Amino acid sequence: MSTTSLMYQVVADLDNFPYPTTNDAENPILENYHAFRITGIPQTLGYVPNELITTFPWPPNTWTINTTPSNKTITLLTPPTATASTRTAVLLPTLQQLLSHGILRGWRNETFPLYGPDGTIILEIERAASALFGIVTYGVQMLCYTDDKVSNTPHIWIAKRSSLKQTYPGMLDTTAAGGLSMGLLPREAIMREASEEAEIPEELMQREMRFVDRISYFHVKKESVGGIGMVELLQPEVEYLYELRLGKEVVPSPADSEVEDFRLWGVKEVKKALGEGRFKPNSAVVVVDFLLRRGLLDGNDEDERIRVRLHRELPLPVVDHERGRV
C-alpha cells in the first residue's frame, strides 16, 4: 500500500459514518437513532441511539418521543423562545439521572456549547454527555515543528499521552490539544492548552502561532454504555488546527499529568507511527493534514481524496469561529 493510501485509511478509519449511496437517500444507519430536537429550533441537532431511547425512563414532562419509523425523534420540551440558560437548566436533571443510572460516566464538570442553525448557542451540555446525544463538538489542536536545514523537511514535536488518561492512555498525540469548552474561542483555547500541557511561551504563541485549517469528520464509536451494553455513538466533530515553528531554544515540556513526554520526530518516523495506529485517532488526522498541506505524501490523485474527506460536510448545524482566517 502506498503512503498516501495508508494515510487515506487513517482518515477513513476516523471518518467512518457511512456516506449516503445517493443524493436523495436517507442514510440507512440513521434508522438506529432518534433525531435530537428542541422545541422552537427548526433543525435536527444530534442523534440519540434507539437503545438509549428504549432503556432510559425519559421524564415525560421534559421530553416527547416519536417512534414512527419514518420520523423517529426525541424533543426537549422548552418554550419556543427560551434562552440558552433556560434550556440548559431544563436539560440538566435528565443528565443527572443518566449519571445516576450509570449510563453517563466520567462527568467532567465541563460544558460544551450546542449551536443552532443561526450560529447562536442554544444550550450548554456536560462534555461527557455530548456523545450520547450525537451533537457536533469542537476541538483545537496544534503541531509545533522545527525546520531541518539538512533534510529540508520539518521535524514535528509529538506528545505521548499519560498512561493515566481517561481516554486513549499512552497513545501519541499532537503537541497540544483539547476540547473547545463553553466560553472559549479556538485561539484562546489552544494557547491555554499549549501553555498548560507543553509550557510553550504565551508571548511566542501570540506572535508566531498560525491558524492553518478547520477539519471536520463524522465518527461512529462503539462503546460500552452502562446498563445497555455496546452502543454505536455518533460523534460529528470539528477541529481547529494551529501550527507553531519553534527554534532549538524552545523545547516542549510536560507541565501537568496529561502528557508523559515529547519527542521530536522526522517525517519518516511520524508516518511509521501513523501506519501502526499509535496515534489517538482524531490527532492522527491532524498529522495527516500537516503532511498533506506540505506536500509530504505521494502527490497523486489520492491526495485530493484525503483533502475532501478531511473537510466533510456535516448534516447538523456547524459554526465556524475562524472563517476567512486561513
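**View 1. Division of the chain into domain 1 and domain 2.** Domain 1 comprises 3–13 + 136–310, and domain 2 comprises 24–133; the bounds come from an automatic or database domain assignment. The model is predicted: local features need pLDDT of at least 70, side-chain atom pairs count only at pLDDT 80 or more, and totals for chains, interfaces and linings use all residues. Residues are numbered from 1 along each chain as its sequence is written, and side-chain values use heavy atoms, with hydrogens and water left out. Taken over C-alpha atoms, the centres of domain 1 and domain 2 are 29 Å apart. Contact (heavy atoms within 4.5 Å) involves 22 residues from domain 1 and 25 residues from domain 2.

**View 2. Area buried between domain 1 and domain 2.** Buried area is the accessible area (1.4 Å probe) that two parts lose on being put together, summed over both. About 1800 Å² is buried here, with 62% given by carbon and sulfur atoms. On the domain 1 side, Met182, Ile228 and Leu234 lose the most area to domain 2, together 32% of what that side buries.

**View 3. Polar contacts and salt bridges across the interface of domain 1 and domain 2.** Four residue pairs, both residues at pLDDT 80 or more, are in polar contact. A polar contact is a pair of N or O atoms within 3.5 Å; within protein, one must be able to donate a hydrogen and the other to accept it, and residues adjacent in sequence count only if both atoms are side-chain atoms. Zero salt bridges are found (a side-chain nitrogen of Lys or Arg within 4 Å of a carboxyl oxygen of Asp or Glu).
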